Amino acid sequence: MTRTVAQVIVDALADLDVGHVFGVVGDALNPLTDAIRTTDGVEWVGCRHEEAAAFAAGARAQLSGRLGVCMGTVGPGSVHLLNGLYDAAKSGAPVLAICGQVPLSEVGGDYFQEVDNDLLFRDVAVYRATVTSPSQMPRLLESAVRAAVTRGGVAVLTVPGDLGDQEVGDDRPVRFALPRPAVTRPDDPALAEAAGVIDDGSRVTLLVGRGAQGAREEVLRLAEHLSAPMVLTLKGKEGFEADNPYEVGQTGLIGNPAAAHALDACDTLLMLGTDFPYRDWYPEDCRVVQVDLREERLGRRVPVDVGLAGDVGATLRALLPLLAPVGDRAHLDDARERFLKWEEEQAGLARPDHDKRLVGRVRAMFDNRDHEIRPEALAAAVDRHAAEDAVFTSDTGMATVWLSRFVRMRGTRRLLGSYNLGSMANAMPQALGAQLWDRDRQVVAFCGDGGLSMLLGDLMTLRSERLPVKLVVFDNRRLGMVKLEQEQAGLPEFGTVLDNPDFAAVAEAVGLTGIRVTDPADLDAAVRRAFATPGPVLLDVLTNPEEVAVPGKPTVSQGWRSCRRRSRRRRPPPAGRARPACGSARPA
C-alpha cells in the first residue's frame with residue numbers, strides 16, 4: 001500500500017515508541033497532524049506556544065533516553081521552537097524537530113511567512129534537511145533520527161506544505177539501524193599514568209557530574225579507597241546525594257563553603273563525568289585527572305595532567321586496582337564536618353519562624369516582614385512532602401538555588417532544568433513533558449514568577465491534557481537572580497520589580513486548582529494540600545524578595561555592596577526606634 005510523506009514519518013515515529021509529539025498545528029503541518037490523528041501509538045499534544053513544545057520534547061527525551069519530537073509550522077512557528085531546541089542541544093538530548101515550510105514552488109521567493117530553516121537552525125542542529133521530493137523518503141528521516149540519537153542533539157527535518165500529502169513510491173520498511181552504545185575505557189598506559197598522578201597526592205577531591213550517574217557504585221568505592229570528599233555539580237545531585245557518606249554538596253555561586261574548601265584544600269582533583277564551566281571555582285596549584293566520555297571536553301575548563309576518554313564506570317573499574325589506598329581520612333573528615341555544620345545552619349534558615357526567633361536590633365529590622373515567607377522554608381517543605389520518586393524541574397534563577405540547597409535527590413527522584421543554556425521559563429513546560437513520560441509519577445516544578453509569566457498560556461495545556469503537575473511558584477515579585485547580580489556589582493536595583501497577578505486566581509480561571517499562601521504559619525499545610533489534591537495544582541507562595549543565598553566563598557566587598565543597597569531601600573524606622581546598623585543585618 002502506498003503511503004504519503006506524512007504517513008511514512010508518523011508510522012516511523014510510532015515504531016520508535018516516541019509516545020507523544022508536541023507542537024502547535026498549522027497549515028504546512030496539516031498532513032502530519034492528520035496522520036497522527038489516524039495512527040495508533042503516537043499522540044498529539046497541542047501546546048499554546050512552540051517554545052513550550054520544544055522544552056517538553058527535550059524533557060521527555062532526557063528522562064526516557066529516547067527520541068523526543070516536536071513540530072512547528074511555517075516561519076514563526078519554527079522560529080518559536082528555537083529556544084527550547086537550544087536547551088535540548090546543550091543538554092545532549094536527542095530531539096527531532098519537524099518544521100513546516102512554504103510550498104516548494106515558492107521557496108526562495110520571499111513568500112508569506114517564508115524563513116530559511118537551514119540558516120535558522122544551523123547553529124543548534126547536528127542535522128538539518130529539507131524534503132524536496134517524495135523519493136527522498138524515508139532516507140532523510142532515517143538520517144535525521146540517526147543523527148539525533150547517536151550524536152545526542154537536535155535534528156531538523158523541514159517538510160514544505162505541498163510535500164506532506166504526496167505519495168512515496170518506495171514502500172520499503174524504515175530502517176534506523178541505531179547502534180547500541182559502546183562501553184569504552186582508556187588504554188592501559190593512560191590508566192597507569194593517571195594512577196601515578198593520583199598516588200602522588202595526599203588530599204584527593206572528587207568533582208562528580210551527571211556523566212557519572214551510571215557508575216554510582218564505582219564512584220563510591222573510589223571515594224572510600226582514596227578517603228576523598230565528593231563535590232557534586234548541580235546535575236550530579238541526581239544519583240549521588242542519597243546515602244553518600246563522602247558528599248559535601250555543590251560548588252559555585254549556588255554552592256557551600258564545605259565544597260569550596262574541599263576543592264581549595266586538595267592537591268589532586270579527579271573530575272568524573274563533568275564539564276563544570278565556572279573556572280573561577282576550580283582549585284589552583286593542584287594536579288588534575290579528568291574522565292569523560294567525550295574527548296573534546298577534556299581540559300577545556302581547567303588544564304589537566306591526564307585526560308581519560310571513556311565511560312566513567314568502565315574506566316574506574318580498570319583504574320581502581322592500580323591505586324594505593326589512602327588511610328589518612330583527615331581531608332575527608334574535615335570536609336564532611338564543615339558540610340554537616342553548613343547543613344545544620346541551612347535547616348535553621350528553613351524554619352518558618354526563623355525571623356521571629358531573631359533578637360535585638362536584628363529582629364527590629366524585620367518587624368514589618370512577619371508575613372513574608374522565607375523561600376528556604378518553602379523549598380524545605382516541598383522536600384519533606386514530595387514523593388521519593390518525584391521528578392523535579394526548576395526555573396533558572398533563585399528557584400534553582402533553593403532547590404539545589406533544600407531538595408535532596410533521595411530515592412529515585414529525578415532532576416531537570418535548563419542547567420546548560422540557563423533559559424528562563426523552562427520549569428513548567430519541562431514538567432509537562434515529564435508528566436507525559438510517566439502519568440503515574442509525581443512531577444513538581446519549581447517556578448520563578450518571572451519564568452512562569454513568560455509561558456503562562458501553557459497552563460491550559462496542563463488542564464487540557466489532565467496532567468497532575470504541581471507548580472510551586474516562588475512569588476517574590478522580582479527577577480531575583482538579576483537583582484542579586486546587580487547588588488553584587490554595586491548597582492542599584494533597576495528593572496527587576498514584577499507587578500504580578502494573583503497566580504492562584506489565574507490558575508483557577510483556566511481550570512487548575514490554585515492555592516495562595518501569604519502567611520508562614522499556613523505554609524506546611526498548603527504544601528501538603530497541594531500534593532494531596534488530584535490534577536494540576538498551582539501553589540503561589542509570596543516569598544521574601546530580600547532573601548539572598550550566600551555563595552560558597554563570599555567576599556567582604558560583596559557583603560558590603562549588598563548591605564549598602566539594602567540600607568538605601570530600607571523604610572524609615574517607626575518613631576522612637578533607632579535604625580539598626582548595617583552590620584546587624586540578618587544572616588542569609
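This section describes the overall dimensions, the nonpolar cores and two buried strand residues of a predicted model.

The chain of the predicted model contains 22 helices and 20 strands. Its radius of gyration is 26 Å, close to the 25 Å that the globule rule gives for 588 residues, so the chain is as compact as a globular protein of that length. Taken along the principal axes, the box filled by the C-alpha atoms has dimensions of roughly 85 × 65 × 45 Å. Of the 588 residues in the chain, 56% are buried, and among contacts between residues at least 6 apart in sequence, 74% join residues that are at least 24 apart. The accessible surface amounts to about 24,100 Å², with 50% of this area belonging to carbon and sulfur atoms. The chain carries 68 positive and 80 negative charges, and the mean positions of these two sets lie 6 Å apart.

Within the interior, the largest nonpolar core comprises 50 residues, and those with the most contacts inside this core are Phe22, Cys70, Leu85, Val95, Leu462 and Leu471. Helix 3, which spans residues 50–64, gives the most to this core, contributing eight residues. Apart from the largest core lies another, of 39 residues, which includes Ala390, Leu403, Met409 and Ala530. When neighbours within four places in sequence are left aside, Leu471 is in contact with Met428, Ala445, Cys447, Leu459, Leu462, Leu512, Val537, Leu538 and Leu539.

The last of these partners, Leu539, is placed in strand 20, which covers residues 537–542, and is buried because its relative accessible area of 2% falls under the 20% cut-off. With residues up to four places away in sequence not counted, Leu539 touches Leu378, Leu471, Val472, Val473, Ile515, Val517, Ala526, Val527 and Ala530; the contacts of Leu539 thus include both Leu471 and Ala530, of which Leu471 is listed for the largest core and Ala530 for the core of 39 residues. Leu539 and Ala525 are separated by 14 residues in sequence and, C-alpha to C-alpha, by 12 Å in space.

A second buried position is found in strand 9, residues 204–208, where Thr205 lies. The relative accessible area of Thr205 is 0%, under the 20% limit, and this residue therefore counts as buried. Beyond its neighbours within four places in sequence, Thr205 is in contact with Pro229, Val231, Ala262, Leu263, Cys266, Thr268, Leu269, Leu270 and His331.

Definitions and conventions
Residues numbered from 1 in each chain as written. Predicted model: local features only at pLDDT ≥ 70, side-chain atom pairs only at ≥ 80, totals over all residues. Heavy atoms only, no water. Core = buried A, V, L, I, M, F, W, Y, C linked by side-chain atoms within 4.5 Å. Buried < 20%, exposed > 50% of the residue type's maximum accessible area, 1.4 Å probe, protein only. Helix = DSSP H or I, 4+ residues; strand = E, 2+ residues; numbered from the N terminus. Contact = heavy atoms within 4.5 Å. Rg over C-alpha atoms; globule rule 2.2 N^0.38 Å. Areas by Shrake-Rupley, 256 points an atom, 1.4 Å probe, with all protein chains shown as cover. Lys, Arg positive; Asp, Glu negative; His and termini not counted. Charge placed at Lys NZ, Arg CZ, Asp CG, Glu CD.
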